[in-house]
Amino acid sequence: MAELVFFCGTMDCGKSTLALQMHHNHEARGRDGVLWVRNDRAGEARLSSRLGLSVAANEVHDDTDFWAEVVDRRTRGRAVDFLICDEAQFYSAQQVDQLADVVDELKVDVYAFGITTDFRAQLFPGSARMLELADRVESLQVQALCWCGARATHNARTVHGVMVVEGEQVVIGDITGSDDDPVQEPDAVSYEVLCRRHHRQRITATVSGAAAISPQTLGLLND
């Protein structure tokens, strides 16, 4: 039986990496899948992970209709056994309803990946609807860490290292501490994961003066 599964967690917990791995595993067993993403930091129609992996994907727009997309592909001869839907927090509630219809009526597995709450600790509309409709909700086991070493549970938006709590819900920015862009412009928007305590106190790594966690990933950058 087809399922709608929502894999969720904070930033930096490996959601996109798992999305790419699941797509590979299913296609390796002969299943036909379609990759979807919205607002990936790698750019339009790209699905990328913090480990440096990046592949072409279908960009989700405001007018994307998942039911119509699956029906169209099947009409043209594709099986479409499953969908991988990354950055699902940015989908509309109506699009999540469409994904549920695809599962129930067309028997297509949907594996959605996203963060649940925004920089104000409020649910994204797409994530809220996912939590309401999903057959299963899976919390990612890879724990992101706050600068203090505690488990990170909240996403913070920062400007020049200082946490902000006002502004548009969706603003694409960099991740604080990126080795690719260690020096931020004064007005650049960045994001940082924090534990609940430091999110409520608005204490970021910059504000605390804490040493940055090594940006290297698995020791691969020097190879």
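Helix H2 (residues 66-75) lies across strand E2 (33-37), strand E5 and strand E6 (82-85), and runs at about 150° to E2; helices (H or I, at least four residues) and strands (E, at least two) are DSSP runs numbered from the N terminus. Such angles run from 0 to 180 degrees between N-to-C directions, with axes fitted as lines to C-alpha atoms, for helices over the stretch in contact, where contact means heavy atoms within 4.5 Å. The model is a predicted one, in which local features need pLDDT of at least 70 and side-chain atom pairs count only at pLDDT 80 or more, while totals for chains, interfaces and linings use all residues. Residues are numbered from 1 along each chain as its sequence is written, and side-chain values use heavy atoms, with hydrogens and water left out.

The sheet beneath this description is open and has six strands, paired in parallel in the order E5-E2-E6-E7-E1-E8, a pair being two strands between which DSSP finds at least two bridges. Strand E5 (58-59) and strand E8 (136-139) stand at its edges with a single partner strand each, so one side of each has no neighbour in the sheet. At the E8 edge, four bridges join E8 to the parallel strand E1 (residues 4-8), and Phe7 has Glu138 of E8 as its bridge partner.

The two helices described as lying across strands of this sheet are set side by side here.

| Helix | Strands lain across | Angle |
|---|---|---|
| H2 (residues 66-75) | E2, E5, E6 | about 150° to E2 |
| H4 (residues 125-133) | E1, E7, E8 | about 130° to E1 |

Helix H4 also meets helix H3 (residues 93-106): their axes come within 8 Å and cross at roughly 30°. That angle makes H3 roughly parallel to H4, the term applying to angles under 35 degrees. On the H3 side the contact is made by Ala93, Val96, Asp97, Leu99 and Ala100, and on the H4 side by Gly126, Arg129, Met130 and Leu133. These residues divide into six nonpolar, one polar and two charged.

Another residue to consider is His23, which is found in helix H1 (residues 15-28). His23 is buried, with a relative accessible area of 13%, buried meaning under 20% relative accessible area with a 1.4 Å probe and protein chains only. Leaving aside residues up to four places away in sequence, His23 touches Gly33, Leu35, Phe82 and Ile84.

In the protein as a whole there are six helices and 12 strands, and buried residues make up 42% of the 223 residues.

Methods. Parallel < 35°, antiparallel > 145°, perpendicular 65-115°, else oblique. Nonpolar A, V, L, I, M, F, W, Y, C, P; charged D, E, K, R; others polar. Buried < 20%, exposed > 50% of the residue type's maximum accessible area, 1.4 Å probe, protein only.
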